[in-house]
Amino acid sequence: DFGKDDQKTPEFLSLNPNGKIPAILDPNGPGGKPLALFESGAILIYLADKTGQLLPADPARRYETIQWLMWQMGGAGPMFGQLGFFNKFAGKEYEDKRPLERYRAESERLLQVLETRLSDARTWIMGDDYTIADVSLLGWVRNLITFYEARELVRFDDLKHVPGWLERGLARPAVQRGLT
């Protein structure tokens, strides 16, 4: 409960010294010992490895998937979040509109990178395989155009492939369960 600062308790900080979400504790980690992890990318790789799902076994495809996960973590997530701050939250009060424009332009560029990736009739970022790369990006793209109210700013409706990818992803039963 962020309203009660649960993320600042010693118990939570023992899982994530950064005091942010996400964080997990797997009581049945490697060697049967508990394992605490934080950071979404690390958690996604760990869970994919543990379950044998959502991350290709083929080394080349595995690293290509991880590459797209890192692209989300280092680009799309931070930029979309900054655009959201400057568009919807306290940043909108700044007289200087250069920060908003910077994050708008970079978010639009990043959406074009994803658009290009999906432009060769790919169902998912890795083609026919739904992976942790898709999992990592779906929420950010969804929130960019809904929660952060930036749909028009980034010209989302001009994209041809990203909207279909987002719709397919959001329709997945596991994603629906997560959203509810």
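Trainee: Where does Asp5 lie relative to H1?

Mentor: Asp5 is in the segment before H1. Keep in mind throughout that this is a predicted model.

Trainee: What is the sign of phi at Asp5, and about how many degrees is it?

Mentor: The general idea comes before the case. Most residues other than glycine have a negative phi. Asp5 is not a glycine, yet its phi is positive, at about 60 degrees. As for its surroundings, Asp5 has a relative accessible area of 35%, so it is classed as partly exposed.

Trainee: What is phi at Glu149, and where is the place of that residue?

Mentor: Glu149 also has a positive phi without being a glycine, here about 55 degrees. Its place is the loop between H5 and H6. The relative accessible area of Glu149 is 53%, and therefore it counts as exposed.

Trainee: Which residues does the cis peptide bond join?

Mentor: Again, start from the rule: most peptide bonds are trans. In this model a cis bond joins Ile21 and Pro22, with omega about 0 degrees. Pro22 sits in the loop that runs between helix H1 (10-15) and strand S1 (23-26).

Trainee: Is Asn16 buried or exposed?

Mentor: To read burial, compare the relative accessible area with the cut-offs: under 20% is buried and over 50% is exposed. Asn16 has 1% relative accessibility and so counts as buried. Asn16 is found in the loop between H1 and S1, and Pro22 of the cis bond is in that loop too.

Trainee: Which residues does Asn16 touch?

Mentor: Leaving aside residues up to four places away in sequence, Asn16 touches Pro22, Ala23 and Phe38. A separation along the chain is a separate matter from a distance in space, and Leu54 gives a case: Asn16 and Leu54 are 38 residues apart along the chain, with their C-alpha atoms separated by 24 Å.

Trainee: How many helices and strands are there, and in what order do the elements run?

Mentor: The protein has 7 helices and 2 strands. Read from the N terminus, the order is α-β-β-α-α-α-α-α-α. The radius of gyration is 18 Å, close to the 16 Å from the globule rule for 180 residues, so the protein is as compact as a globular protein of that length. Along the principal axes, the C-alpha atoms fill a box of roughly 50 × 45 × 30 Å.

Trainee: What percentage of contacts between residues at least 6 apart join residues at least 24 apart?

Mentor: That percentage is 53%. For burial over the whole protein, the corresponding figure is 38% of the 180 residues.

Trainee: Which residues touch the most other members in the largest nonpolar core?

Mentor: A core is read as a set of buried nonpolar residues joined through side-chain atoms. The largest one has 32 residues, and those that touch the most other members are Leu111, Leu114, Val141, Phe156, Val162, Trp165 and Leu166. At least two residues of this core come from each of helix H3 (59-88), helix H4 (98-118), helix H5 (132-145) and helix H6 (162-171). H3 gives the most, with 7 residues. There is also a second, separate core of 7 residues, including Leu44, Ile45, Ala48 and Leu69.

Trainee: Which residues does Trp165 touch?

Mentor: With residues up to four places away in sequence left out, Trp165 touches Leu114, Leu118, Thr123, Trp124, Ile125, Asp134, Leu137, Leu138 and Val141. Leu114 and Val141 were also named among the core residues with the most partners.

Trainee: Is Ala60 in H3 buried or exposed?

Mentor: Ala60 lies in helix H3, and at 55% relative accessibility it counts as exposed. Its C-alpha atom is separated by 36 Å from that of Phe12, 48 residues away along the chain.

Trainee: How do the glycines Gly127 and Gly139 count, and where are they?

Mentor: Gly127 has its place in the loop between H4 and H5 and counts as buried at 12% relative accessibility. The C-alpha atoms of Gly127 and Leu69 are separated by 15 Å, with their positions 58 residues apart along the chain. Gly139 is found in helix H5 and counts as partly exposed at 34%.

Trainee: How far apart are the mean positions of the positive and negative charges?

Mentor: They are 1 Å apart, for 23 positive and 25 negative charges. As for the surface that the protein presents, its accessible area is about 10500 Å², and 55% of this belongs to carbon and sulfur atoms.

Terms used:
Residues are numbered from 1 along each chain as its sequence is written. This is a predicted model: local features need pLDDT of at least 70, side-chain atom pairs count only at pLDDT 80 or more; totals for chains, interfaces and linings use all residues. Side-chain values use heavy atoms; hydrogens and water are left out. Helices (H or I, at least four residues) and strands (E, at least two) are DSSP runs, numbered from the N terminus. The radius of gyration is taken over C-alpha atoms; the globule rule is 2.2 Å times the number of residues to the power 0.38. Buried means under 20% relative accessible area, exposed over 50%, partly exposed in between (1.4 Å probe, protein chains only). Contact means heavy atoms within 4.5 Å. Accessible areas come from the Shrake-Rupley method with a 1.4 Å probe; for residues, only the protein chains shown count as cover. Lys and Arg count as positive and Asp and Glu as negative; His and the chain ends are not counted. The place of a charge is taken as NZ of Lys, CZ of Arg, CG of Asp or CD of Glu. A nonpolar core is a set of buried Ala, Val, Leu, Ile, Met, Phe, Trp, Tyr and Cys residues joined through side-chain atoms within 4.5 Å.
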